[in-house]
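Got your viewer open? Load the model, give it a spin, and let's take a walk through it together.

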Amino acid sequence: MSASDNFHFVDGEGLDTAAAYRLIVGCVVPRPVAWITTVDGEGRVNAAPFSSYNYVATSPPMLGVNIAARAGDGAMKDTARNILASREFVVNVATEATMEAMHGSAQEFPPEISEAEVLGIDLLPSRHVRAPRIAASPVQMECRLDQIVPLGRGVNTLYIGEVVAFHLSPEIYDGSRVDSVKMRPVARLGGPFYAALGEIIHRPMLQRPPGGEGWTGVGKEKA
């Protein structure tokens, strides 16, 4: 099989930050949204969405979120500052039902302004961390900061947190498994676009995952 190479070539060496951002967020899609709540030293609740996010470990469960410096002045974002000071945060899953409030919390409010108060976001207390949970989210994960990893030229920093508690709505959790379809999460695309799950495609698991989730024994296990 042969194919002609008629692709556009963009050399990564020397690529400026703005161009690199446009390319990477357009190519790496869809991206789950971590709607993070934190508390500052005065007790004000900050809520902000981040889509450079995923799980990074399962034993113990850990989440990683990349928080960049502000594009305008290069200052540290409120969420990052609060995580550094408190070493705690909550990741709330953004859904179709919460999308408007989540999107609204992305605007740059001054540090003394609580997005939760301005946008009327209902909160619930956490069990192990000071930061509250967003009541409307069906999944809320309390996290304690495990490590901080500066990346690249210093614009981006990866914050890795251990999930010390899960709060799961009975509408999406049966005591064993999370129903992602019923959760109706939203994902980020490039530019001003979001996406829902859309068509769900099923294929048998070909390797047994930890805990056997989704494993039916169809396919050959690898050593």
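What follows is a tour from the whole chain down to single residues.

**Stop 1: the whole chain**

Keep in mind that you're looking at a predicted model. Show everything as a cartoon and you'll find five helices and 12 strands. Lined up along the principal axes, the C-alpha atoms fill a box of roughly 60 × 50 × 30 Å. How does the radius of gyration fit with a compact globule? For 223 residues such a globule would come out near 17 Å, and the chain has 19 Å, which agrees.

Now switch on the surface. About 14,000 Å² is exposed, with carbon and sulfur atoms supplying 54% of that. Of the 223 residues, 35% count as buried. Among contacts between residues at least 6 apart in sequence, 57% join residues at least 24 apart.

**Stop 2: helix α2**

Select residues 78-86, which make up helix α2. Which of its residues are buried? Color D78, T79, A80, N82 and I83 to see them. To find what covers these buried residues, bring up the strands around them: the cover includes β2 (34-39), β3 (45-50), β5 (61-68), β6 (88-93), β9 (139-151) and β10 (156-168). Before you move on, click R87, just after α2: this residue takes a positive phi of about 60°.

**Stop 3: β6, β9 and β10**

Next, select 88-93 and 139-151, that is, β6 and β9. These two run antiparallel and are joined by five bridges. For one of the partnerships, pick E88 and look across to R144 in β9.

Add 156-168, which is β10. How many bridges join β9 to β10? There are 12, and this pairing is antiparallel as well. Try selecting C143, then V163 in β10, which stands opposite. The two strands form a hairpin with four residues between them, and in the turn G152 has a positive phi of about 55°.

**Stop 4: V155**

Stay in the loop between β9 and β10 and select V155. Is V155 buried or exposed? Its relative accessibility is 34%, so V155 counts as partly exposed. Leaving aside residues up to four places away in sequence, V155 touches I67, A68 and A69. Draw a distance from V155 to M76 too: the two are 79 residues apart along the chain, yet their C-alpha atoms are separated by 9.4 Å.

**Stop 5: P60**

Jump to the loop between β4 (53-58) and β5, where P60 sits. At 33% relative accessibility, P60 is partly exposed. Then pick G161, which is 101 residues away from P60 in sequence but 10 Å away in space, C-alpha to C-alpha.

**Stop 6: a three-stranded sheet**

Now look for an open sheet of three strands, in the order β1-β11-β12, with antiparallel pairing. β1 (31-32) and β12 (194-195) are at the edges with a single partner strand each, so one side of each has no neighbour in the sheet. Select residues 187-188 for β11, which two bridges join to β12. Here A187 stands opposite A195 in β12.

**Last stop: a charge over a ring**

Show the side chains of R188 and Y194. The charged end of R188 sits over the ring of Y194, 4.7 Å from its centre. And if you're hunting for aromatic pairs, with ring centres within 6.5 Å, the count comes to zero.

Terms used:
Residues are numbered from 1 along each chain as its sequence is written. This is a predicted model: local features need pLDDT of at least 70, side-chain atom pairs count only at pLDDT 80 or more; totals for chains, interfaces and linings use all residues. Side-chain values use heavy atoms; hydrogens and water are left out. Rings of Phe, Tyr and Trp (its six-membered ring) pair if their centres lie within 6.5 Å; planes under 30 degrees apart count as stacked, over 60 as edge-to-face and the rest as tilted. A charge sits over a ring if NZ of Lys or CZ of Arg is within 6 Å of the ring centre and within 35 degrees of the ring normal. Buried means under 20% relative accessible area, exposed over 50%, partly exposed in between (1.4 Å probe, protein chains only). Contact means heavy atoms within 4.5 Å. The radius of gyration is taken over C-alpha atoms; the globule rule is 2.2 Å times the number of residues to the power 0.38. Accessible areas come from the Shrake-Rupley method with a 1.4 Å probe; for residues, only the protein chains shown count as cover. Two strands pair if DSSP finds at least two bridges between them.
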